[in-house]
Amino acid sequence: MTPDLIDLWRRSPLSRKPRLGRVLSVADRSEVPDPLPRHAIVLSGSPPKWAILACPCGHGHTIELNLTNPRRPTWTVAHNGAATIHPSIDIQDPTRRCHFWLRQGRVHWTHR
């Protein structure tokens, strides 16, 4: 299958929604595991200053959300077993766009 077809399937309403079920907390960004765990969000700092995760699209890039940035968008992370991030995560680079909501540990891709 070509990468475009794989992307289409991953984002399809028929596929299972990927999970980001675990939330790991570390005291400092230097303690973030390398490589990142695939189905986990790493919160760095106390209170959390960064949310770091491997993008659920599967192409291998990392998403780093600054939780203390006063400019928009301002992300918040809530977790009680499963994480919810608000607002949506929208990563754009020259080759792809990854735009999704994370609710209760489930990835909900937006429609393009």
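**Exercise 1. The chain as a whole**

What percentage of the 112 residues of the protein count as buried? State also which secondary structure elements the chain contains and in what order they come.

*Solution.* The model is a predicted one, and in it 37% of the 112 residues of the protein count as buried. Turning to the secondary structure, we find one helix and eight strands, and reading from the N terminus the elements follow the order α-β-β-β-β-β-β-β-β. The surface that the protein exposes comes to about 7,200 Å², of which carbon and sulfur atoms supply 55%. If we then take the contacts between residues at least 6 apart in sequence, 32% of them join residues at least 24 apart.

**Exercise 2. Building a sheet strand by strand**

Work out which strands make up the open sheet of four strands, and in what sense the neighbouring strands pair.

*Solution.* It helps to recall that strands of a sheet pair through backbone hydrogen bonds, either parallel or antiparallel.

Step 1. Strand E1 (residues 22–26) pairs with E2 in the parallel sense over five bridges; among the partners, arginine 22 is bridged to alanine 40 in E2, and valine 23 to isoleucine 41 in E2.

Step 2. E2 and strand E3 (residues 50–54) pair in the antiparallel sense over four bridges, with leucine 43 standing opposite alanine 51 in E3. The hairpin of E2 and E3 has five residues between the strands, and in this hairpin glycine 45 takes a positive phi near 100°.

Step 3. E3 is joined to E4 by five bridges, and these two strands run antiparallel; here the bridge partner of tryptophan 50 is asparagine 66 in E4.

Step 4. Putting the pairs together gives an open sheet with the order E1-E2-E3-E4 and mixed pairing. E1 and E4 are the edge strands, since each pairs on one side only, and the twist averages 20° from one strand to the next.

**Exercise 3. Comparing the faces of two strands**

For E2 and for E4, decide which side chains are buried on each face.

*Solution.* In a regular strand the side chains alternate between the two faces of the sheet, and we can follow this pattern in each strand in turn.

Step 1. In E4 (residues 62–66), Ile63 and Leu65 point to one face and are buried, whereas Thr62, Glu64 and Asn66 point to the other face and are not buried.

Step 2. In E2 (residues 40–44), five of the five residues are buried. Ala40, Val42 and Ser44 lie on one side and Ile41 and Leu43 on the other, so that both faces of this strand are covered.

**Exercise 4. A serine in strand E2**

Is serine 44 buried or exposed, and which residues does serine 44 touch?

*Solution.* Step 1. Serine 44 is found in strand E2. The relative accessible area of serine 44 is 3%, and because the cut-off for a buried residue is under 20%, serine 44 counts as buried.

Step 2. Not counting residues up to four places away in sequence, serine 44 touches Val26, Asp28, Arg29, Lys49 and Trp50.

Step 3. A polar atom of the side chain of serine 44 lies 3.1 Å from the backbone nitrogen of arginine 29.

**Exercise 5. Later hairpins and the nonpolar cores**

Describe how E5, E6 and E7 are connected, and then say which strands supply residues to the largest nonpolar core.

*Solution.* Step 1. Strand E5 (residues 76–79) and strand E6 (residues 83–92) pair in the antiparallel sense over four bridges, and threonine 76 stands opposite histidine 86 in E6. These two strands form a hairpin with three residues between them, and glycine 81 in the turn has a positive phi of about 100°.

Step 2. Five bridges join E6 to strand E7 (residues 97–103), and the two run antiparallel; they form a hairpin with four residues between them.

Step 3. The largest nonpolar core has 19 residues, and those with the most contacts inside it are Ile41, Ile63, Leu65, Ile85, Ile89, Phe100 and Leu102. E2, E3, E4, E6, E7 and strand E8 (106–109) each supply at least two residues of this core.

Step 4. Leucine 65, leaving aside its neighbours within four places in sequence, is in contact with Lys49, Trp50, Ala51, Trp75, Ile85 and Ile89. A second, separate core of six residues includes Val26, Leu36, Val42 and Ala54.

Terms used: Residues numbered from 1 in each chain as written. Predicted model: local features only at pLDDT ≥ 70, side-chain atom pairs only at ≥ 80, totals over all residues. Heavy atoms only, no water. Buried < 20%, exposed > 50% of the residue type's maximum accessible area, 1.4 Å probe, protein only. Contact = heavy atoms within 4.5 Å. Areas by Shrake-Rupley, 256 points an atom, 1.4 Å probe, with all protein chains shown as cover. Pairing = 2+ DSSP bridges. Core = buried A, V, L, I, M, F, W, Y, C linked by side-chain atoms within 4.5 Å. Axes fitted to C-alpha atoms, helices over the stretch in contact; angles between N-to-C directions. Polar contact = N/O pair within 3.5 Å; in protein donor to acceptor, adjacent residues only side chain to side chain.
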